[in-house]
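This report describes selected features of one protein model, arranged by topic. The sequence and structure are shown below for reference.

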Amino acid sequence: MVAWRMTLYTPQYSDGRDVILISNDITHNIGSFGPSEDILFQKASELARQEGLPRIYIAANSGARIGLANEVKSLFKVAWVDPTTPDKGFKYLYLTPVDFKKLNSENKTIVRTELIDEEGESRYKITDIIGMKHGLGVENLSGSGMIAGETSQAYQDTFTISLV
């Protein structure tokens, strides 16, 4: 997410007119929204409203950033309905006891699991993936709601255009 305060010169505003331009940075996480992008968007939009400046938003994004923690991606296993025919789907994702210990410790919880026994093997059935980095999950959806509210307010308070 990037934002600029720009001065545009037109025949109607030969001395220039300030505008706030907000845009996703498509070169960073394919332009997706995470908590820091949400805050930047909100602050730039609030500035436009407070100062009565036109707000221009150029959307080039992939939506809220919902991802899989890479540290989990390389370790989880799949409990297939029928291991010989994966097309039948899977029952759950799990970690072996060794891999579970690699991810979780007393100080950190990367995954939440349920310890089960299947076919005489202890498995940590994955119920939630938290990840090591903030900004991979549902916190991004709450930011989307905040952006929608801020945009609605901007339409009431100042000239606003969104280009998709």
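## Loop residues with positive phi

Ile30 is located in the loop that runs between strand 2 and helix 1. The model is a predicted one. The phi angle of Ile30 is near 45 degrees, a positive value in a residue other than glycine. Ile30 counts as exposed because its relative accessibility is 56%, the cut-off for that class being over 50%.

Glu119 is found in the loop between strand 6 and strand 7, the latter spanning residues 121-129. Its phi angle is near 55 degrees, again positive in a residue other than glycine. With a relative accessibility of 73%, Glu119 is classed as exposed.

## Nonpolar cores

The largest nonpolar core contains 11 residues, among them Met1, Ile20, Ile22, Phe33, Phe41 and Ile147. Two elements, strand 2 (17-23) and helix 1 (35-51), give two or more residues each to this core. Helix 1 provides the largest share, with 3 residues. Also in the set are Ala44, Ala48, Leu53, Tyr57 and Ala59.

Which residues does Ile22 touch, not counting residues up to four places away in sequence? They are Met1, Val2, Ala3, Phe41, Ala44, Ser45, Arg55, Ile56, Tyr57 and Ile58. A second core, separate from the one above, has 10 residues, including Leu75, Phe100, Leu103 and Tyr124.

## Nonpolar surface patch

Ile58, Phe159, Ile161 and Leu163 make a nonpolar surface patch of about 340 Å². Ile58 is also one of the residues touched by Ile22.

Within the patch, Ile161 belongs to strand 8, which covers residues 160-163. Its relative accessibility is 31%, so Ile161 counts as partly exposed. That value also satisfies the requirement of over 30% for membership of a patch.

## Salt bridges between elements

The whole structure holds 10 salt bridges. One of them pairs Glu51 with Arg5, and their closest N and O atoms are 2.7 Å apart. Because Glu51 lies in helix 1 and Arg5 in strand 1 (residues 2-8), this pair ties together parts that are 46 residues apart in sequence. Both partners are partly exposed: Glu51 has a relative accessibility of 40%, and Arg5 has one of 45%.

Arg49 forms a salt bridge with Glu150, also with 2.7 Å between the closest N and O atoms. Arg49 is in helix 1 and Glu150 in helix 4, so the pair ties together parts that are 101 residues apart in sequence. Arg49, at 23% relative accessibility, is partly exposed, whereas Glu150, at 6%, is buried.

## A salt bridge within helix 3, and a network

Asp99 and Lys102 form a salt bridge whose closest N and O atoms are 3.3 Å apart. The two residues are separated by about one helical turn, because they lie 3 residues apart in helix 3. Is each partner buried or exposed? Asp99 is buried, with a relative accessibility of 8%, while Lys102 is exposed, with 54%.

Elsewhere, Lys91, Glu118, Glu121 and Arg123 are joined into one network by salt bridges that share partners.

## Asn104 after helix 3

Asn104 occupies the loop between helix 3 (97-103) and strand 6 (111-118). At 13% relative accessibility, this residue counts as buried, which means that its value falls under the 20% cut-off.

A polar atom of the Asn104 side chain lies 2.8 Å from the backbone nitrogen of Ile110. With neighbours within four places in sequence left aside, Asn104 is in contact with Thr109, Ile110 and Val111.

## Ser152 in helix 4

Ser152 is placed in helix 4, which comprises residues 139-157. Helix 4 is also the element that holds Glu150. Ser152 has a relative accessible area of 42% and is therefore partly exposed.

How far apart are Ser152 and Ile20 in sequence and in space? The two residues are 132 residues apart in sequence, and their C-alpha atoms are 16 Å apart. Ile20 is a member of the largest nonpolar core.

Methods:
Residues numbered from 1 in each chain as written. Predicted model: local features only at pLDDT ≥ 70, side-chain atom pairs only at ≥ 80, totals over all residues. Heavy atoms only, no water. Patch = residues over 30% accessible without salt bridge, like charges linked within 9 Å, V, L, I, M, F, W, Y side chains within 5 Å. Areas by Shrake-Rupley, 256 points an atom, 1.4 Å probe, with all protein chains shown as cover. Salt bridge = Lys/Arg side-chain N within 4 Å of Asp/Glu carboxyl O. Helix = DSSP H or I, 4+ residues; strand = E, 2+ residues; numbered from the N terminus. Buried < 20%, exposed > 50% of the residue type's maximum accessible area, 1.4 Å probe, protein only. Core = buried A, V, L, I, M, F, W, Y, C linked by side-chain atoms within 4.5 Å. Contact = heavy atoms within 4.5 Å. Polar contact = N/O pair within 3.5 Å; in protein donor to acceptor, adjacent residues only side chain to side chain.
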